[in-house]
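Visitor: I would like a close look at a single part of this structure, explained slowly enough for someone in the first year of study. Please take one residue as the starting point and then show me how its surroundings fit into the chain.

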Amino acid sequence: MNRTIFSFNETMETAIIKPVAKGYRWAVPSFFRDIITNVFATLKQPAYLTNSLLQGELKDAGWVLVRTATNLSFGFFGMFDVATDMDIPAPDYDFGQTLAKWGWKEGGPYLVLPLLGPSNPRDAIGMGVDGLTDIVQWRVHDEHALVLSALGVNALNKYERGLDLLENLKNSSTDYYATLRTMYKQNRQKKINQVIQTDEDTAESYEFDFEIEE
């Protein structure tokens, strides 16, 4: 089933997503792409704050508030990430991690979701719950076209950022599906280990975000 969905995703990527992403890269200067990245990162802060509190990480919740206030105040409403330049920590907990801390440590079987890519039952649920904290949906929940457009821009922008890595992996892998599965599992386990305080070695984890939509 996973390979069938993966094949569908690959077809959609080749026919639509990749050409659009390359056109977006060509048409939108990197300066403005960085602004889009920063704005959507700011919009994610309520999810990070909520999950920090649900995990009892009060210090990290405070850092989320400081980071958000800094970028909103001095970064022109989040367009510039001045908080990172000031070395302010950036906690980025998600609800999948929260479920792991609450006891669901094993995420379940590996899943490939249509268009969304690698996941598992726990983290798929977490993705849906995190969507409830989406500020865009709070403010314009009656404007469905606007909400979908914002989600689409965010997804396209994230895909463009990882486009070169994905192309390199595809060209160098004998089994692209298996490579992405291994990378996702190791990367995700590293993030889970951060919240369940395990001593398991995660040195081989990959620093790559496989979620194309938040």
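**A close look at Glu10**

Guide: Leaving aside residues up to four places away in sequence, Glu10 touches Lys170 and Tyr176. Please keep in mind, as we go on, that what you see is a predicted model. Glu10 itself sits in helix α1, and with a relative accessible area of 13% it counts as buried, because the cut-off for that word is under 20%.

One of the two residues that Glu10 touches, Tyr176, leads us to a second helix, since α10 covers residues 176-196, while α1 covers residues 2-27. These two helices pack with their axes 11 Å apart and at an angle of about 105 degrees. Angles of 65 to 115 degrees count as roughly perpendicular, and α1 and α10 are therefore described in that way, as roughly perpendicular to each other. On the α1 side the contact is made by Asn2, Arg3, Phe6 and Glu10, and on the α10 side by Tyr176, Tyr177 and Leu180, so that Glu10, with which we began, is part of the place where the two helices meet.

It helps to set this meeting place within the chain, which has 10 helices and 2 strands. Read from the N terminus, six helices are followed by the two strands, and four further helices come after them. Of the 214 residues in the chain, 43% are buried, and Glu10 is among the buried ones. When contacts between residues at least 6 apart in sequence are considered, 64% of them join residues at least 24 apart.

For contrast with the buried Glu10, you may turn to Phe76, which lies in the loop between α4 (58-74) and α5 (82-85) and is exposed, with a relative accessible area of 54%. Together with Leu72, Phe77 and Met79, Phe76 forms a nonpolar patch on the surface, and these residues have about 440 Å² of accessible area together. The chain as a whole exposes about 12,100 Å², of which carbon and sulfur atoms supply 61%.

Between buried and exposed there is a middle class, and Val66, found in helix α4, belongs to it, being partly exposed with a relative accessible area of 36%. Although Val66 and Ile88 are 22 residues apart in sequence, their C-alpha atoms are 7.9 Å apart in space.

Definitions and conventions. Residues are numbered from 1 along each chain as its sequence is written. This is a predicted model: local features need pLDDT of at least 70, side-chain atom pairs count only at pLDDT 80 or more; totals for chains, interfaces and linings use all residues. Side-chain values use heavy atoms; hydrogens and water are left out. Buried means under 20% relative accessible area, exposed over 50%, partly exposed in between (1.4 Å probe, protein chains only). Contact means heavy atoms within 4.5 Å. Accessible areas come from the Shrake-Rupley method with a 1.4 Å probe; for residues, only the protein chains shown count as cover. Patches are made of residues with over 30% relative accessible area and no salt bridge: like charges are joined within 9 Å, nonpolar side chains (Val, Leu, Ile, Met, Phe, Trp, Tyr) within 5 Å. A salt bridge is a side-chain nitrogen of Lys or Arg within 4 Å of a carboxyl oxygen of Asp or Glu. Axes are lines fitted to C-alpha atoms, for helices over the stretch in contact, and angles run from 0 to 180 degrees between N-to-C directions. Angles under 35 degrees count as roughly parallel, over 145 as roughly antiparallel, 65 to 115 as roughly perpendicular and the rest as oblique.
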